[in-house]
2 protein chains.
Amino acid sequence: MSTTQQGPSGPTIVQVAQAAGVSRQTVSNALNAPHRLRPGTLARVMAAIDELGYVPNLMARSLRTRYTRQIGYLLDGGGRDPDSVVQDEFLQALCEAAEAEGYLLLLFNYPAGDVETTRWAGLLRTGSVDGFVLRARPDDPRPDLLSRRRAPFVSFGRPPRAGGASGAEAGSGTEEAGTDAAAGPLWVDVDLSAGAEAAVDHLVAAGHRHIAFLGRSPGSAERDEPRLAGWRRAMRKHGLPADACDWAPSTCQDGARGALRLLSAQPAPTAVVAADDMLAMGCYAAAGRLGLAVGRELAVIGFGDSPIASRVTPTLTSVGRPLAHIGEAVMRLLATTLSGRVPEERGVLLAPSVTVRESG
Amino acid sequence: MSTTQQGPSGPTIVQVAQAAGVSRQTVSNALNAPHRLRPGTLARVMAAIDELGYVPNLMARSLRTRYTRQIGYLLDGGGRDPDSVVQDEFLQALCEAAEAEGYLLLLFNYPAGDVETTRWAGLLRTGSVDGFVLRARPDDPRPDLLSRRRAPFVSFGRPPRAGGASGAEAGSGTEEAGTDAAAGPLWVDVDLSAGAEAAVDHLVAAGHRHIAFLGRSPGSAERDEPRLAGWRRAMRKHGLPADACDWAPSTCQDGARGALRLLSAQPAPTAVVAADDMLAMGCYAAAGRLGLAVGRELAVIGFGDSPIASRVTPTLTSVGRPLAHIGEAVMRLLATTLSGRVPEERGVLLAPSVTVRESG
DNA sequence: CTGTTAGCGCTTTCAT
DNA sequence: ATGAAAGCGCTAACAG
C-alpha cells in the first residue's frame with residue numbers, strides 16, 4: 001500500500017488488455033502502430049481504452065524509447081530587454097507549435113552570466129529533454145556551449161559564429177560530410193532588412209518620396225544595421241535618395257529630438273521609418289510640436305508591432321514580428337533533426353509583414 | 001551503428017557501482033540517503049560518480065517514485081493583456097523558485113476558450129507533471145476545472161469562487177466539509193490595496209495633502225477597486241479628504257484628459273496616484289500642458305513598475321509587483337501540498353513595495 | 001497478425 | 001551499514 005500521496009494512477013495497459021481480451025502488446029500496437037491490427041480488434045481495444053479512460057504513462061514510454069518528447073527552453077534572465085513582450089509571445093507561439101509536433105516545452109533558467117553551469121546540458125542526459133530552443137542575443141555564449149556538447153538545438157536569432165573552429169568555409173563541401181555538429185547550428189531569424197524594405201515600399205506606394213530613417217542610438221550600427229540596410233536598399237530601388245537618417249536613444253523624448261532634427265531638413269521628409277515603436281512615439285511628439293497631423297501630414301512607421309501600437313492615437317503602422325511562423329519554423333527544424341533526418345537548410349529567414357494602421 | 005539516433009546515454013548507476021566496488025543500491029543511497037553510508041564508502045561512491053560524470057535518469061526515477069518533479073504552467077493565450085510583461089517576469093520568477101524547490105516548469109497552452117479540453121488534466125495522469133500553476137484572471141474557468149479533477153494546483157491571482165456552472169447553484173455551500181478539494185484552491189495574490197496605501201503614505205510623508213486617484217475607465221469598478229479602496233483608506237487614515245478621483249481609458253491621451261480634469265479642481269491636487277503606468281504617462285502629458293514640472297510641482301505615482309517607468313524623464317515612481325516573492329510563495333504552497341502536508345493558509349496576500357524614482 | 005519474453009534505470013522492501 | 005530481489009509501465013524484438 002504505497003499511500004504516500006501520489007494521485008490515482010489511472011488504469012495501466014494491462015487492464016486495458018484484459019478488458020479488451022487481448023495481450024498488452026496489442027494495446028501498445030493499437031496506439032503506436034494501429035495499421036498492424038485487424039479493424040475489429042482495433043475497435044475493441046479503442047473502446048476499452050475509452051471506457052477505462054486509459055492514458056499511457058509517458059515516463060514509462062520514455063524510459064523505453066529513450067526520448068521524452070520534451071524540449072527545453074532556456075529562459076534568458078540576463079536579457080532584460082523591455083522587449084520582453086517578444087519573449088512572452090514567442091513562448092506562446094513556440095508552445096503551440098511544439099504541441100502541434102507532439103512536444104512539450106520544459107522551461108528553465110539561464111542565470112545571467114552563468115557560463116559554466118552544466119546543469120542544462122545535464123538535462124539532456126537525465127532524459128528530461130530531447131533538445132533545446134533558445135533565443136540568441138548578440139554574443140550569446142549558449143549556442144556554442146550547446147554545440148560543443150552536441151546537444152540538438154535550434155536558436156531563434158542567428159547565433160554568433162562558433163568561436164571553436166573554422167574560419168574559411170568558402171564552398172568547399174569537404175567538411176559538409178563530416179560530423180553533423182560541424183555543419184553549424186540551426187537557426188531561424190526575422191529578416192528585418194526585408195521588413196524595412198516592405199515599410200518603404202508601402203510608403204512609396206502611398207505617394208511618399210522623402211522617407212527618413214530614425215535608428216536607436218547606442219549601438220545602432222549593430223542592432224539596427226539590417227533595418228538601415230533595408231531602408232537604403234528600398235530607397236535606391238525606388239530611385240530615391242537615402243540621405244535622411246539619424247539616431248536617438250529609444251525613449252519618447254530623445255526620439256522626439258531626433259525626429260525634429262530629421263524634420264528640419266530641406267526638403268523635409270513626409271514619412272519616417274523608426275527602428276522601434278518607442279522612437280515612433282517620439283515622432284508623434286515631434287509632429288505634435290510642429291503642428292503636423294500624424295497620418296495625414298506625416299507618416300510614421302514603427303518596428304515591433306508592440307501592444308502600444310494599437311493603443312495610441314492615431315494607431316501606429318508597424319513592422320510586425322512573425323512570431324507564429326518563427327515558432328513553427330523552429331519546431332519543424334528541431335523535429336527534423338530529432339528524428340534523425342537532415343534539414344534542407346540550416347537557417348531560415350522569415351520576412352515580417354507591415355501591419356498597416358492609421359499612422360501611415 | 002545500432003543506435004537509432006538518440007544521444008549518448010551516460011553511464012548508469014550500475015557502472016558507478018562497479019567503479020566504486022559497491023552494489024548499485026548503495027549508489028542510490030549515496031544520492032538519496034547519504035546518512036546511511038559510512039563516510040568512507042560515501043566518498044568512494046561520490047568520487048566514482050564524479051569521475052564517470054554520472055547523472056541519474058529522471059524518467060526511470062519517476063517511474064519508480066510516481067512523481068516527476070515537473071509542474072505544469074498553463075500559458076494563457078486568451079489574456080492578451082498588454083500586461084504580458086507580467087507573464088514573462090512571473091514565469092522567470094516562478095521558474096527560479098521552482099528550481100530552488102527542485103522542480104522544473106512544463107509549459108503548455110490553454111487555447112482560448114477551450115474549456116472542454118481535458119488534455120492538460122490528462123498530463124497529470126500521464127505522469128508528466130505533479131501539479132499545476134496558473135495565473136487566474138477574473139472569471140477564469142480553469143481553477144474550477146482543475147479542482148474538479150482533484151489536480152493539485154496553485155493560482156497566482158485569487159481564483160473566482162468555485163461555483164458549479166454559474167450563479168444558479170451559488171447558494172448551498174454545505175459541501176465545505178467533504179473532500180479535501182472542497183477546502184478551496186490555493187492562491188497567491190498581490191495586495192494592490194496595500195500598494196495604493198503605501199503610495200499615499202509615501203506622498204503624505206513627502207508633504208502632500210491633496211492626492212488624487214486616476215483609475216482605468218472601462219470596468220474600473222472591478223479591476224481597480226482594490227487600488228481605489230487602498231487610496232481611500234490611506235487618505236482617511238491621514239485625515240485627508242478622498243474626494244478627487246476620476247477615470248479614463250488607459251492610453252496616454254485619455255489619461256492626459258483625465259488628469260486635466262483632476263488638476264482643474266479647486267484646490268488642485270499636488271499628487272496623483274494612477275492605476276497603471278500608462279495613465280501615469282497621461283499625467284505627465286497633462287502636467288506638460290499645464291506647465292507643471294513633474295516631480296517638483298506635481299508628484300505622480302504609477303502602478304506596475306513597467307519597463308517604461310525607468311525610461312521616461314523624469315523617471316516614474318511606481319508601485320511594483322513582488323513577482324519574485326510571488327513565485328516563491330506559489331512554489332512553497334505547491335511543494336507543501338505535493339509532499340502531502342497541509343499548508344498553513346490557503347491564500348497568501350503579498351504587499352508590493354513602492355519603487356521611488358524622480359516623479360514623486 | 002498476435003502473444004511471449006526481456007529489459008529500459010531506478011528505488012523500495014526485505015534480508016543479512 | 002550493506003546486499004539481493006522485485007517491479008514501476010511500457011515497447012522492441014522475436015516467436016507462433
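A residue counts as near a molecule or strand when one of its heavy atoms lies within 4 Å of it. The model is predicted: local features need pLDDT of at least 70, side-chain atom pairs need pLDDT 80 or more, and totals for chains, interfaces and linings use all residues. Residues are numbered from 1 along each chain as its sequence is written, chains are lettered from A in the order written, and side-chain values use heavy atoms, without hydrogens or water.

**View 1. Residues around DNA strand D.** The strand is surrounded by 25 residues. The closest are Ile13(A), Arg24(A), Tyr54(A), Gln25(B) and Thr26(B). Of the strand atoms within 4 Å of the protein, 52% belong to sugar or phosphate; the rest belong to bases.

**View 2. Helices and residue classes at DNA strand D.** In chain A, α2 (24-32) and α4 (58-65) each supply at least two residues of this surface. In chain B, α2 (24-32) and α4 (58-65) do likewise. Helices are DSSP runs of H or I, at least four residues, numbered from the N terminus. The surface has seven nonpolar, 10 polar and eight charged residues (Asp, Glu, Lys and Arg count as charged; Ala, Val, Leu, Ile, Met, Phe, Trp, Tyr, Cys and Pro as nonpolar; the others, Gly among them, as polar).

**View 3. Polar contacts to bases of DNA strand D.** A polar contact is a pair of N or O atoms within 3.5 Å. A polar side-chain atom of Gln25(A) lies 3.0 Å from a base nitrogen. For Arg64(A), a polar side-chain atom is 2.9 Å from a base oxygen. A side-chain N or O atom of Arg64(B) sits 2.8 Å from a base nitrogen.

Key: A polar contact is a pair of N or O atoms within 3.5 Å; within protein, one must be able to donate a hydrogen and the other to accept it, and residues adjacent in sequence count only if both atoms are side-chain atoms.
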